[in-house]
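This report walks through the strand pairing and the ligand site of one model. Please keep the sequence and the structure in view while reading.

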Amino acid sequence: MFQVREAEITRAIVEVALEKLRNYSEVDVVIVGAGPSGLTAAYYLARTGLRTLVLERRLSPGGGIGGGGMLLPCILVEKEALPVLEELRCRYRQVTENLYAVNPPEFLARLTLSALEAGADLILGITVEDLIYRRTGQSIEIRGVVINWSAVQLSGLHVDPLAIEARAVVDATGHDAEIVRLLEKKLPETGVKVKGFSSMYASEAEKLVIEYTGKVVEGLYVTGMAVATLYGLPRMGPIFGGMLLSGKKVAELITQDLRK
Ligand code: 48H
């Protein structure tokens with residue numbers, strides 16, 4: 001027999017959720033977006049012991065993974081990124097000399113679970129709508145994010161947001177590069193100009209997306225497809241090696257910076 005009272009359910013949910021939100025009012029790293037680059041970054045950051053929180057607007061993680069290539073249920077990863085797949089314990093099979101196929105649901109489940117098991121946390125249904133900043137001398141430092149429920153944003157109701165302080169913020173928002181766009185719009189003195197990603201050139205795009213991954217201004221980093229959007233790099237299509245290696249690189253850079 002199920003013995004549970006409605007009031008008990010409400011109390012349990014409110015207690016657990018509010019304790020979580022309270023604990024996350026200050027963290028080491030906030031990652032905006034739970035796509036392949038953001039989740040990979042979360043995995044590598046959390047493994048170093050940094051308190052890492054991923055915020056995702058939608059009600060499920062994975063970003064562009066679920067869509068495969070034009071909705072065909074296959075994601076491709078190049079051989080350079082196989083060590084990451086192996087660490088995530090994600091199965092793959094070789095298709096050509098350089099390309100390996102993974103099953104999208106397994107890939108997104110493995111990525112998510114690996115990040116969580118490493119100690120990162122992920123909150124769904126939250127949209128990052130603004131940044132916290134401080135001026136230090138001539139330069140600007142990002143110190144966290146301003147958040148609201150995605151449902152509130154969709155409703156158009158006027159509900160003031162809350163904020164999370166962080167030592168580092170990562171823009172992993174994909175094609176729209178929403179967080180660096182906030183910088184461009186609201187803090188023009190940073191000189192940040194979002195160029196928009198260019199047409200497809202897969203091999204060049206994969207190389208450049210990793211090369212350009214990194215710090216944008218003090219406290220703000222960019223990874224994944226948002227890198228291509230920020231710097232006007234070519235797009236790569238449905239190959240994900242660059243996303244994994246970009247996520248890994250940004251985690252390494254942040255780990256070094258926060259240890260200084
Ligand atoms: C909270 C937000 C906000 C916000 C967005 O699109 P993604 O999968 O991003 P990446 O860069 O990890 O991976 C890109 C890849 O999926 C892809 O599409 C490729 C490689 N395309 C190549 C090509 O040629 O087109 O995930 C971004 C996530 C999504 O889940 C969004 O919902 C989320 O970020 N998000 N979450 N607050 N303001 N903006």
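## β8 against β9

V145 has I164 in β9 as its bridge partner. A second pair is I147 with L162, again in β9. The model is predicted. In it, β8 and strand β9, residues 162–171, are joined by 4 bridges. The two strands run antiparallel.

Strands in a sheet pair through backbone hydrogen bonds, in either a parallel or an antiparallel sense. Both senses occur around β9, as the next section shows: β8 is antiparallel to β9, whereas β1 is parallel to β9.

## Parallel partners of β9

Strand β1 covers residues 26–32. It pairs with β9 over 6 bridges, in the parallel sense. E26 is one end of such a bridge, and its partner in β9 is E165.

Strand β12, residues 220–222, also joins β9. Here there are 3 bridges, and the strands run parallel. V169 has L220 in β12 as its bridge partner.

## The β7–β8 hairpin

How many bridges hold β7 and β8 in their pairing? The count is 10, and the sense is antiparallel. Strand β8 spans residues 139–149. T136 stands opposite S139 in β8.

The two strands form a hairpin. There are 2 residues between them. G137 sits in the turn and has a positive phi of about 65 degrees.

β8 thus appears in two pairings: with β7 over 10 bridges, and with β9 over 4 bridges.

## A three-stranded open sheet

Another sheet is built from 3 strands. It is open, and the order is β3-β5-β4. The pairing is antiparallel. Which strands are at the edges? They are β3, residues 75–78, and β4, residues 93–94. Each of these pairs on one side only.

β4 and strand β5, residues 99–102, are joined by 2 bridges. They run antiparallel. R93 stands opposite A101 in β5.

## Ligand shell

The ligand is surrounded by 27 residues. The closest are S37, E56, G64, H175 and R235. By type, the shell divides into 11 nonpolar, 11 polar and 5 charged residues.

The space that the ligand takes is the largest pocket. Three elements give two or more residues to the shell: α2 (36–47), β2 (52–56) and β7 (126–136). Which element supplies the largest share? That is β7, with 3 residues. The strand that gives this share is also one arm of the hairpin with β8.

## Polar contacts and burial

Three side chains place a polar atom by the ligand. For R235, a polar side-chain atom lies 2.7 Å from a ligand oxygen atom. For S37, the distance from a polar side-chain atom to a ligand oxygen atom is 2.8 Å. E178 has a polar side-chain atom 2.9 Å from a nitrogen atom of the ligand.

How much of the ligand does the protein bury? Taken alone, the ligand exposes 800 Å². The protein buries 93% of that. R235 and S37 are also listed among the closest residues of the shell.

How values were computed:
Residues are numbered from 1 along each chain as its sequence is written. This is a predicted model: local features need pLDDT of at least 70, side-chain atom pairs count only at pLDDT 80 or more; totals for chains, interfaces and linings use all residues. Side-chain values use heavy atoms; hydrogens and water are left out. A residue is near a molecule or strand if one of its heavy atoms lies within 4 Å of it. A polar contact is a pair of N or O atoms within 3.5 Å; within protein, one must be able to donate a hydrogen and the other to accept it, and residues adjacent in sequence count only if both atoms are side-chain atoms. Accessible areas come from the Shrake-Rupley method with a 1.4 Å probe; for residues, only the protein chains shown count as cover. On a 1 Å grid over the protein atoms alone, a cavity is a set of points where a 1.4 Å probe fits but cannot get out, and a pocket is an open set with protein on both sides within 12 Å along at least five of seven lines; lining residues have an atom within 4 Å of a point. A molecule sits in a cavity or pocket if more than half of its atoms lie within 2 Å of its grid points. Ala, Val, Leu, Ile, Met, Phe, Trp, Tyr, Cys and Pro count as nonpolar, Asp, Glu, Lys and Arg as charged, and the others, Gly among them, as polar. Two strands pair if DSSP finds at least two bridges between them.
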